[in-house]
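Here is a walk through one protein model, taken a region at a time. Keep the structure open and follow along.

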Amino acid sequence: MSSSGFASQNGAGATYANGLSQNPVALYPSNQGYMTPPQPGYLNAMPAKAPTPPAPSCYNPSRQQPSPVAMSQHPLSLPSSPNHRPALVPPAHTPPLTNSFYQQHPQQPPRWPPPAVNHASPALISTPQQPYSTGTSTPLVFQNTMQSPAPLPPYSALNNTHMPAAPALNIVAPHTHHSFGKPPAALRGTPPPSGPPPPLVTHNDAGPYSAQPGAMNRLMGTAYPSLQPAYQSVPTPQKPPHMQPAAQPYSTAAAPQYQQPTVSAAQLGPSLAALNLQSQMPEALRVVNLLQERSLLPPGAVTPPTPCLPQDLQRLNCSPEVFRCTLTSIPQTQTLLNKAKLPLGLLLHPFKDLSQLPVVTSSTIVRCRSCRTYINPFVSFLDQRRWKCNLCYRVNDVPEEFMYNPVSRSYGEPHKRPEVQNATIEFIAPSEYMLRPPQPAVYLFVLDVSHNAVETGYLDVVCQSLLDNLNSLPGDARTKIGFITFDSTIHFYNLQEGLSQPQMLIVSDIEDVFLPTPDSLLVNLSECKELVQDLLRSLPQMFSKTMETQSALGPALQGAFKLLSPTGGRVSVFQTQLPAVGAGALKPREEPSQRAAVKDVQHLSPATDFYKKLALDCSGQQIAVDLFLLSAQYCDLASLGCISRYSAGCVYYYPSYHNHHNPSQTERFQKDFKRYLTRKIGFEAVMRIRCTKGLSIHTFHGNFFVRSTDLLSLPNVNPDAGFAVQMSIEENLLDMQVVSFQAALLYTSSKGERRIRVHTLCLPVVSSLSDIFAGADVQAVTALLASMAVDRSVSASLSDARDALTNAAIDSLTSYRTSVLTIQQPGLLSPACLCLFPLYILALLKYKAFRTGTSARLDERVFAMCQLKYQPLAYLMLMVHPALYRVDNMTDEGALNINERTVPQPRVLQLTVEKLSGDGAFLMDHGTVLYLWIGRNCSPTFLTQVLGVQSYAAVPQNMKQLPELDTTESSRIRAFIDWLREQRPFYPILHIIKDESELKAEFMHNMTEDRTESALSYYEFLLHLQQQISK
């Protein structure tokens, strides 16, 4: 899609955070068990809290008897598998390990037997060294050591001190039991002193910040409202929805005007337990027999569950598009979490383009003096002058400046300020958040100009796109730009002001790369724009006759590092072949004859550590490297990808790229590159994730480097990057009703402003398994499992990862059947909230990253794994489980009206050929690509009104676009496709295919529910799960 839809939505670019980030890390953790409990030697030193009554259940356990579900007794079963699952509960003192992401107990390793392999397969592990930990690391446990003054919801805080880097994990050999150990907790530093508060200004990126009456008015009587879980302003609703408990009015003791009553667990109980009064079971816990109910897909997008919170808290909560948890109800203990067999983790899209983003300018940013949490909607005001942190419970003073509310222009109402009314907010940081003046926007383009590269024609596209978008590059008057080209030698370009034309400077000594004229290779864009334009116009012709076939990528990257080290910035690398000379040279490792082999895929890890080490050096100098791989041949992405993975860059892959022979890839590259050039960017960023005391972060996934326990180094951050974190419960949360999570992203904008974007999420704590299952977010669980499986594939083997995915479904459904259902009945039973879980697991097993038995190219498999670790959840799910629509009979019923345009909303269909019919047309949305399949007997009306042809035979074989016809049918389908494209930042290309088309096989392979040569059908997979569960 065009970048215009994303313009001016985020705050400014990168941030100056606590020093320069040095290590890129992946936010999707991969631990041996999903809920890896703390190791005995690393528990928090905080005194244990006295046991209190358990938290109330959001749902009445007594109402969980499933309605009787008839089950036809199918004698059909899968062929006996060599995999026989071991006992579900291992002996208390033995540490048996199976292929599972879960861990049974702090002293018991995870259990996860594979479905078709022997039952002692290895568990998922992550190591900072493995290529697909891509930043996966096991950080130190970050916990608050202060005794909380009151049993309020805790938050583990991120402070501004430098912490030691996380130690590396050991790789455990396959077929042994592994456990993710945790390093000792890091020490905290004292917060920097804050000066007197200057005046404050608030505004929104889209204009002045305006008060929202409903969202701002929280004053109740003369007492300050409590933002704790007990905060109530409404009586028990007459008909509370299944996920929205009523709020219970709290009592106020005699107190001064601004005294806030103490909220106890007993007082709060009725608030969260209102649903217990209901006689009906919540929809999320409705029992579904998966073998009988086949049409489980909702008609539209799958919506995330709503946390079981009082309405006032839920109204203020962070959007699930930005911050969501795999479990919207947090278990009280690690033991309870282990019993549920569901992973606990967070998925973040922290720099997402937002249409509404409150921005606050102030010299005083209010933070907890102990844990450094930013003030947020879930703190509580004890009186007009004091507030209590919702992470560590320290009581803090309210600064004088914070007493003034810029929205209402009133004094004495700190609880109505924007910082306390918005779970996502951005601050323009004062000088104490800077270690040096904000860096300018610096862009360096490193281009492969070997014969192979020039022959693809990509240079023409890159140069023309840069010419078209040169004025749209994010930046200001300080923006700098530079160019390097390379084949077997390195070519620098002198663009100094005053020259009549660009000068090429060739460095042929690739063993010791140096900068020929260090001061004139990076130039101010506004001052030297004409020279830059001249160079871009001449580059494609400059190398059109080259016969140089070799590629010295490593030395070119070394030159780029030396050039950008003084300032930091972004390196954009374009590579079309395997680098063969100089540092970082690689040799072919792919064996095409073994692509379809059933045995494990080899060479998923890097062949050399050169690119990882260089990436870490780049990260230390605030340089991110983005890799564009355009090639029809093997390029060893497993090795080359490390340069982006550990420097917080991104990877783009265009297999079989050629301007003339593959025009659809060219179109996709053009659209992606335009978005890449013009999207918002943040420089020299760091991100810290804090959580309530008792919870700990232990693994990350994404593209970055873990600089300390909870601090991620991000030399660049972009709005299309997703991250994930795995968590465990180190201390029982028995006296807590809610817990909170906070992600703070400090970055420098392209305009040179230091900014802090803060997201805060609040979730309830529950004490029953039924509540945990009712709050499970099936898509978030699937995405976290996918990242963990990528790590397992690299550290152990692809078969171990596949077994672990299958056992994730087996274990969770077994736990539900044995511990939640009160009436046992035949069939494969699931709660409604997890009814799509087996389908998503099967889709992962058939996804390019994990599939077997097909001729998946190694680079394509590795790129699919990169996508699983990097893409935000919304985009990722379409790649794993595409959406299928029938589009030849669309109507305006239920259509959306967007900008005076009617967008039809056809129903999502199951991914099976049973849903296809020869007389229809079906659109498949696969995330990065759209397929429009035309049936052989498709209606002549559709063919003429939409495709502009008279018959099926007249449909062109390689049709890529729909003609703009002046018909209702044409307008409908084009509006729908345009709307789908607008939902994502990248541009999905359209393929119109017939039965004779080459791409029909790819279209059919995405039919997840059908059997393939190497994978079970959905029904067979369900039978396999039932067989394993009933053992």
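Start with Lys 848. Its relative accessibility is 25%, so Lys 848 counts as partly exposed; a residue must fall under 20% to be called buried. Keep in mind that this is a predicted model. Lys 848 sits in the loop that joins helix 16 (837-846) to helix 17 (858-870). Which residues does Lys 848 touch, leaving aside its neighbours within four places in sequence? They are Ala 856, Glu 860, Arg 861 and Ala 864. Take Glu 860: it lies 12 residues from Lys 848 along the chain, and the two C-alpha atoms are 7.5 Å apart.

Now step back to the whole protein. It has 22 helices and 35 strands. Of its 1031 residues, 66% count as buried. Take the contacts with a separation of 6 or more: 80% of them come from residues 24 or more positions apart.

Helix 9 (residues 610-620) shows burial at the level of one element. Of its 11 residues, 8 are buried, so helix 9 is largely enclosed by the rest of the structure. Phe 610, Tyr 611 and Lys 612 are buried at its start, followed by Leu 614 and Ala 615, then Cys 618, Ser 619 and Gly 620. What covers these buried residues? The cover includes helix 8 (553-564), helix 10 (637-640) and helix 11 (642-645). Strand 20 (623-631) and strand 24 (711-717) are also part of it. Just after helix 9 comes Gln 622, with a positive phi of about 60 degrees.

Next, look at how helices pack. Two packed helices are described by the angle between their axes and the distance between the axes. Helix 14 (residues 778-795) and helix 15 (residues 798-819) have axes that come within 7 Å and cross at roughly 150 degrees. Helix 14 is therefore roughly antiparallel to helix 15. Their crossing is right-handed. On the helix 14 side, the contact uses Leu 785, Ala 789, Arg 792 and Ser 793. On the helix 15 side, it uses Leu 798, Asp 800, Ala 801, Ala 804, Leu 805 and Ala 808. By class, this contact has 7 nonpolar, 1 polar and 2 charged residues.

Helix 15 has another partner, helix 22 (residues 1018-1029). Here the packing angle is about 55 degrees, and the axes are 10 Å apart. That makes helix 15 oblique to helix 22. This crossing, too, is right-handed. Helix 15 brings Thr 806, Ala 809, Ile 810, Leu 813, Thr 814 and Arg 817 to the contact. Helix 22 answers with Phe 1021, His 1024, Leu 1025, Gln 1028 and Ile 1029. These residues divide into 6 nonpolar, 4 polar and 1 charged. Why might contact residues recur along a helix? An α-helix has 3.6 residues a turn, so residues three or four places apart point the same way.

Finish with a sheet. It is open, with 5 strands in the order 32-29-33-34-35 and mixed pairing. Strand 32 (908-909) and strand 35 (989-993) are the edges, each pairing on one side only. Strand 29 (residues 883-886) and strand 33 (residues 921-925) pair in the antiparallel sense over 4 bridges. Within that pair, Leu 884 stands opposite Met 924 in strand 33. Helix 19 (residues 940-947) packs on the sheet and touches strand 33, strand 34 (929-934) and strand 35. Its direction makes about 140 degrees with that of strand 34.

Conventions. Residues are numbered from 1 along each chain as its sequence is written. This is a predicted model: local features need pLDDT of at least 70, side-chain atom pairs count only at pLDDT 80 or more; totals for chains, interfaces and linings use all residues. Side-chain values use heavy atoms; hydrogens and water are left out. Axes are lines fitted to C-alpha atoms, for helices over the stretch in contact, and angles run from 0 to 180 degrees between N-to-C directions. Helices (H or I, at least four residues) and strands (E, at least two) are DSSP runs, numbered from the N terminus. Angles under 35 degrees count as roughly parallel, over 145 as roughly antiparallel, 65 to 115 as roughly perpendicular and the rest as oblique. A crossing is left-handed if the near helix is turned anticlockwise from the far one by less than a right angle, and right-handed if clockwise. Contact means heavy atoms within 4.5 Å. Ala, Val, Leu, Ile, Met, Phe, Trp, Tyr, Cys and Pro count as nonpolar, Asp, Glu, Lys and Arg as charged, and the others, Gly among them, as polar. Two strands pair if DSSP finds at least two bridges between them. Buried means under 20% relative accessible area, exposed over 50%, partly exposed in between (1.4 Å probe, protein chains only).
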